[in-house]
Amino acid sequence: MSVINESLEQNSEVTLHRMKKIELIVSGENEGLISNMFNDANISGFTLLRNVSGKGHHGFHEGKLLFNDKAVLVMFIAVAPEDVIEQIAIGMKSLLKNNSGVMFVSDVSVARVDYFS
């Protein structure tokens, strides 16, 4: 039996709550825009990864560029109720229409729902 299953069996007080997770990978020049969008949506916190590397439609993108932090890729990760993530996704539609980037939205479960409300 796994440690997680043992822990859940020992503590039947654990309740998981359904939420949505959004992951955005955009150009560094859009970092402030996304951060403001999250703040305006009252998202209580998010993770930001700078200098993201990867391969997409335009080939391989190197994470670190000297002297130009606006050309790097950044990744935002946030968890919130479905209606909040839906509004972010709607707002991202126009940004992604005119700029390179990707957006992923998935179902997640959290134990500490008060952290994400």
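User: Let's settle a term before looking around: what relative accessible area makes a residue count as buried?

Analyst: Happy to start there. This is a predicted model, and a residue in it counts as exposed when its relative accessible area is over 50%, and as partly exposed in between the two cut-offs. Buried means a relative accessible area under 20%.

User: Is Phe38 buried or exposed?

Analyst: The relative accessibility of Phe38 is 0%. Buried means under 20%, so Phe38 falls into that class: buried.

User: Which residues of α2 are buried, and how wide an arc do they cover around the axis?

Analyst: Phe38 has company in this helix: the buried residues of α2 are Glu31, Ile34, Ser35, Met37 and Phe38. They lie on the same side of α2, because the arc they cover around the axis is only 160°.

User: Nice, one side. What do the buried residues of α2 pack against?

Analyst: An α-helix has 3.6 residues a turn, so residues three or four places apart point the same way. As a whole, helix α2 (residues 31–40) packs on the sheet and touches β1, β2 and β5. Its buried residues pack against those three strands and one helix besides: β1, β2, β5 and α3.

User: What is the strand order in that open sheet?

Analyst: The open sheet has 4 strands, and their pairing is antiparallel. β2 (47–52) and β6 (101–110) each have a single partner strand, so these two stand at the edges. On average, neighbouring strands are turned by 20° against each other, direction ignored. Read across, the order is β2-β5-β1-β6.

User: How many bridges join β1 to β5, and how many pair β1 with β6?

Analyst: β1 (residues 17–27) runs antiparallel to β5 (residues 73–80), with Leu24 opposite Phe76 and Glu23 opposite Ile77. β1 also pairs with β6 in the antiparallel sense, and there Lys21 stands opposite Ser106. The bridges come to 8 for β1 with β5 and 10 for β1 with β6.

User: How many residues of β5 are buried?

Analyst: β5 pairs with β1 over 8 bridges and with β2 over 5 bridges. It is largely enclosed by the rest of the structure, because its buried residues number 7 of 8.

User: And which strands does helix α3 lie across?

Analyst: Helix α3 spans residues 82–98. Its direction is at about 20° to that of β1, a strand that is mostly covered, with 8 of its 11 residues buried. The strands that α3 lies across are β1, β5 and β6.

User: Back to the aromatic rings: what kind of pair do Phe38 and Phe46 form?

Analyst: A pair of aromatic rings is described by the distance of the centres and the angle of the planes. For Phe38 and Phe46 the centres are 5.4 Å apart and the planes stand at 75°. Planes over 60 degrees apart count as edge-to-face, so this pair is edge-to-face.

User: How far apart in the chain are Phe46 and Phe76?

Analyst: These two form a tilted aromatic pair, with 5.4 Å from centre to centre and 50° between the planes. Phe46 is partly exposed, at a relative accessible area of 31%, whereas Phe76 is buried at 0%. Phe46 sits in the loop between α2 and β2 and Phe76 in strand β5, so the pair links distant parts of the chain, with a separation of 30 residues.

User: Which residues do ring pairs link into a cluster?

Analyst: Phe46 pairs with Phe38 and also with Phe76. Outside its rings, Phe76 stands opposite Leu48, and opposite Leu24 as well. The cluster is made of Phe38, Phe46 and Phe76.

User: One last spot, Asn99: which residues does it touch, leaving out those up to four places away in sequence?

Analyst: Asn99 lies in the loop between α3 and β6 and counts as partly exposed, because its relative accessibility is 30%. Asn99 and Asn30 are 69 residues apart in sequence but 9.5 Å apart in space, C-alpha to C-alpha. The residues touched by Asn99 are Glu29 and Asn30.

Definitions and conventions
Residues are numbered from 1 along each chain as its sequence is written. This is a predicted model: local features need pLDDT of at least 70, side-chain atom pairs count only at pLDDT 80 or more; totals for chains, interfaces and linings use all residues. Side-chain values use heavy atoms; hydrogens and water are left out. Two strands pair if DSSP finds at least two bridges between them. Axes are lines fitted to C-alpha atoms, for helices over the stretch in contact, and angles run from 0 to 180 degrees between N-to-C directions. Contact means heavy atoms within 4.5 Å. Buried means under 20% relative accessible area, exposed over 50%, partly exposed in between (1.4 Å probe, protein chains only). The arc is that of the directions from the helix axis to the C-beta atoms. Rings of Phe, Tyr and Trp (its six-membered ring) pair if their centres lie within 6.5 Å; planes under 30 degrees apart count as stacked, over 60 as edge-to-face and the rest as tilted.
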